[in-house]
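Here is a short briefing to read alongside the model. Please keep the sequence and the 3D view open as you go.

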Amino acid sequence: MSKRPYEKSERVDFADEAIHWDLGSSLSYGEYLQLDKVLGAQQPLSFEHDEMMFIIVHQTSELWLRLMLHELEGVLECVRRDDLAPSFKRLTRVSCVQTQLLSSWEVLSTMTPFDYSAFRNALGRSSGFQSYQYRLLEFLLGNKNAQTIEVHRRDPRIHERLARALEAPSLYDEALRLLSRRGYGIPEDHVRRDFREPYRASKQVAGAWLGVYHNAQKDWDLYELAERLVDLDYKFQLWRFHHLKTVERIIGYKPGTGGTGGVSYLAKALELKFFPELWQVRTSM
């Protein structure tokens, strides 16, 4: 008995699809993505159900951090050569990645204090504080603190990479250098400084950015860069806040596994801004 037109088949018909059932010498999907390594990297140290989720959330976050670093290094090069147009697509992508990182806290917060305490001791002294990619990201954005790389001395390769990032101009440093080349009044001690030191806000720099905003039609690309940097900073602050509240929800005010004060340590970073003058000019306009 033939089917009526409105009756659907119980399975997809591949008859008219030119699917490569035999891959021959071609890479497969799994081989291209090296899924044997990726999916084999989840090795819980306990028999507790939630540890698998805990590992996957942190591994996924590290992959997103890697993409952020890749894109922001491209933005840095665009700023150095005064070719800002390609950077805007990359900064848009970074913004999307930040949204994914924000969402990761929602998954992690499904874990109760009892769930976490069941396997927390297995972590030893390991902690997100030791994420070298996060530290690279902070250095690239301008939050320099030489002391933070000491925890990585056991791995000379990573320690050296962090030391180079500590000494290099940040994205904001390069943006200020660009403003200086474009004729905006950036103090010389901000153009040439010890980049290992934390950035210090300047009234002259705030004035230069205010000039960019007042000349948005003439220097639209600088104006757009400023707004994209504010968006980046804004979402980073949201990420820090969600991190703090997730930690507070799960462990309260216990110390962190890495030796920090936990919530009290995370709270210190909430007022930190990578690009302080871009926030200050909003009051001046």
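Let's start with a side-chain pair: Q42 and Q59 are joined by a polar contact of 2.5 Å. Please bear in mind that this is a predicted model. From that pair we move to the nonpolar core, then to a cavity and a pocket, and finally to two helices.

**Around Q42**

- Q42 sits in the loop that runs between α2 (35–38) and α3 (50–80).
- Is Q42 buried or exposed? With a relative accessible area of 15%, Q42 counts as buried, because the cut-off for that label is under 20%.
- A polar atom of the Q42 side chain also lies 2.9 Å from the backbone oxygen of V38.
- Setting aside residues up to four places away in sequence, Q42 touches M52, I55, I56 and Q59. Q59 is thus a partner you have already met, through the 2.5 Å polar contact between the two side chains.

**The nonpolar core**

- The largest nonpolar core is made up of 70 residues. Within this core, the residues with the most contacts are L72, L141, L171, W209 and L278.
- Which helix gives the largest share of this core? That is helix α11 (residues 220–251), with twelve residues.
- L141 is a good place to zoom in: once neighbours within four places in sequence are left out, L141 is in contact with L72, S170, L171, L232, F236, F274 and F275. Two of these partners, L72 and L171, are themselves listed among the residues with the most contacts inside the core.

**The cavity**

- How many cavities of 30 Å³ or more does the structure hold? There is one, and the largest cavity has a volume of about 60 Å³.
- Two or more lining residues come from each of α3, α4 (85–108), α6 and α11. The largest share, three residues, belongs to α11.
- The residues lining the largest cavity are L65, M68, Q98, L101, Y134, L137, K235, F236 and W239. F236, one of these, is also a contact of L141.
- By class, this lining has seven nonpolar residues, one polar and one charged.

**The second largest pocket**

- The volume of the second largest pocket is about 230 Å³.
- Its lining has 14 residues, and those nearest the pocket's centre are E73, L76, L140, A165 and A168.
- α3, α6 (132–141) and α7 (156–167) are the elements that give two or more residues to the lining, and α3 has the largest share with four.
- What classes of residue line the second largest pocket? The lining has seven nonpolar, one polar and six charged residues.

**Helices α13 and α8**

- In helix α13 (residues 276–284), the buried residues are P276, E277, L278 and V281. They pack against α8 (171–181), α10 (203–214) and α11.
- L278 is worth a second look, since L278 is listed among the residues with the most contacts in the largest nonpolar core.
- D173 belongs to helix α8. D173 is buried because its relative accessible area is 1%, and the cut-off is under 20%.
- Apart from neighbours within four places in sequence, D173 is in contact with R193, F195 and Y199.

Definitions and conventions. Residues are numbered from 1 along each chain as its sequence is written. This is a predicted model: local features need pLDDT of at least 70, side-chain atom pairs count only at pLDDT 80 or more; totals for chains, interfaces and linings use all residues. Side-chain values use heavy atoms; hydrogens and water are left out. A nonpolar core is a set of buried Ala, Val, Leu, Ile, Met, Phe, Trp, Tyr and Cys residues joined through side-chain atoms within 4.5 Å. Buried means under 20% relative accessible area, exposed over 50%, partly exposed in between (1.4 Å probe, protein chains only). Contact means heavy atoms within 4.5 Å. A polar contact is a pair of N or O atoms within 3.5 Å; within protein, one must be able to donate a hydrogen and the other to accept it, and residues adjacent in sequence count only if both atoms are side-chain atoms. On a 1 Å grid over the protein atoms alone, a cavity is a set of points where a 1.4 Å probe fits but cannot get out, and a pocket is an open set with protein on both sides within 12 Å along at least five of seven lines; lining residues have an atom within 4 Å of a point. Grid points are joined across faces, edges and corners, and a volume is the space filled by probe spheres set on the points. Ala, Val, Leu, Ile, Met, Phe, Trp, Tyr, Cys and Pro count as nonpolar, Asp, Glu, Lys and Arg as charged, and the others, Gly among them, as polar.
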